[in-house]
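Got your viewer open? Load the model and follow along, stop by stop.

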Amino acid sequence: MQRMKSNVCVVILFAAVSLNAAAGPISDLIAKLPAETTAARDEFCRAVLAQGKGGVLEVCGAIGAGDDSKPRYALHALALYSTRPGGDADRKVYVAALSDALASPGSSQAKSFFIDQLRLTGGDDVVELLGTHLLDKELCEAATQALLSIRSKQVNAVIRNALPQAQGVARVSLINAIGVLRDGEAVKALLKDATEDDSALRNAALRALAKIGDRAAVDVVFKAAKAPDWDARSQAALACILLAERLVENGHNKEAAKLCRDLIKSRTDLQEQHVQCAALHPLTAALGEKAFDDLLAAIKSDRPQVRAVARNLA
């Protein structure tokens, strides 16, 4: 009996030693990448995660210096592995490690890659962390895209609350995100940005207001569409069309119809007949059969494209 127990202990000890030997130093495991099969990749991931957060952090530490293609492959493989069904415990270890890596000194290139991986693996547990990078001109876009992938209730507030302090490219990224999220609580701030001299900021705000579809944006967006500058005028006209479509979706048919009619009347140049054509679609959607007179007037237009679109909609 004693001999049997001794043999069992030897087997267990041998298995433990074999497992540690198979795992080896993280750097040795990374050197063998890329894996030739999915099974081999998963074996690598299990070996790293067996060492806990420290194992993942060691992979993170190898990113950002020299040829780091293999460490990047390794970290991405860990992201895919940790998001497998039933792998939430591994995901939490992975997210905790990347959170620590982001909070530590490092290059923007490396941190941007860490954020990209959190885009795949993170949830509400990383929203606040990502929010701390929204004012960083180097990391704002990556952090914003990661937050848009998470799309929880917290995300709207985090992005909106960062807007007052954001400047330059960071502010444009946040405004674009607000448009994607269709965050109506940010409309007041966007109305101001839509009148700025900075064309990138102004156009981003106009697009965001259009995507949200709030009635308060109609006057500002249409005024921008009357700009003498061709590019500014064109960008704002596109925003008007999208705003009209969103207004219809939100049940504001009266405002949508007025915006479309005003846009059609203001486009007298032959080069802008495409705007008239585009405006006829949301106008018809807003009014239904009541758009008959508008379509009849368009059919009588001296512009062939306008006539063709009106006939198709009639």
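Start with the whole chain in view: of the contacts between residues at least 6 apart in sequence, 60% join residues at least 24 apart, a contact being heavy atoms within 4.5 Å. Keep in mind that this is a predicted model, where local features need pLDDT of at least 70, side-chain atom pairs count only at pLDDT 80 or more, and totals for chains, interfaces and linings use all residues. Residues are numbered from 1 along each chain as its sequence is written, and side-chain values use heavy atoms, with hydrogens and water left out.

Now colour by secondary structure. You should get 19 helices and 0 strands; these are DSSP runs numbered from the N terminus, helices being H or I over at least four residues and strands E over at least two. The radius of gyration is 28 Å, well over the 20 Å that the globule rule gives for 314 residues, so the protein is more spread out than a compact globule. That radius is taken over C-alpha atoms, and the rule is 2.2 Å times the number of residues to the power 0.38. Turn the C-alpha trace along its principal axes and it spans about 100 × 40 × 35 Å.

Switch on a burial colouring next. Of the 314 residues, 45% count as buried, which is to say under 20% relative accessible area, with exposed over 50% and partly exposed in between (1.4 Å probe, protein chains only).

Select 140-150, helix α9. This one is mostly covered, with 8 of its 11 residues buried. Among them are Cys140, Ala142, Leu147 and Ile150; Cys140 has a relative accessible area of 1%. What do the buried residues of α9 pack against? Show α7 (108-121), α8 (127-131), α10 (153-162) and α11 (168-181), and you have the partners.

Stay here and pick Val127, in helix α8. Val127 counts as buried, at 0% relative accessibility. Beyond its neighbours within four places in sequence, Val127 is in contact with Leu147, Ile150, Ser152, Gln154, Val155 and Val158. For a sense of scale, draw a C-alpha to C-alpha distance from Val127 to Val309: 182 residues apart in sequence, 46 Å apart in space.

Step off the end of α9 to Arg151, in the loop between α9 and α10. Its phi is near 50 degrees, a positive value in a residue other than glycine, and Arg151 is partly exposed at 48% relative accessible area. Then jump to Arg182, in the loop between α11 and α12 (187-193). Here phi is also positive, about 55 degrees, and again this is not a glycine; Arg182 is partly exposed at 33% relative accessibility.

Head back towards the N terminus for a backbone oddity. Is the peptide bond from Leu33 to Pro34 cis or trans? It's cis, with omega near 5 degrees, and Pro34 lies in the loop between α2 (26-31) and α3 (38-49).

Cysteines next. A search for disulfides (pairs of cysteine sulfur atoms within 2.5 Å) turns up 0 in the whole structure. Click Cys60: the nearest cysteine sulfur, that of Cys45, is 13 Å away. Cys60 is buried, with a relative accessible area of 4%.

Last stop: Gln276, in helix α17 (residues 273-287). Is Gln276 buried or exposed? Buried, at 11% relative accessible area. Leaving aside neighbours within four places in sequence, Gln276 is in contact with Ile264, Arg267, Arg303 and Val306.
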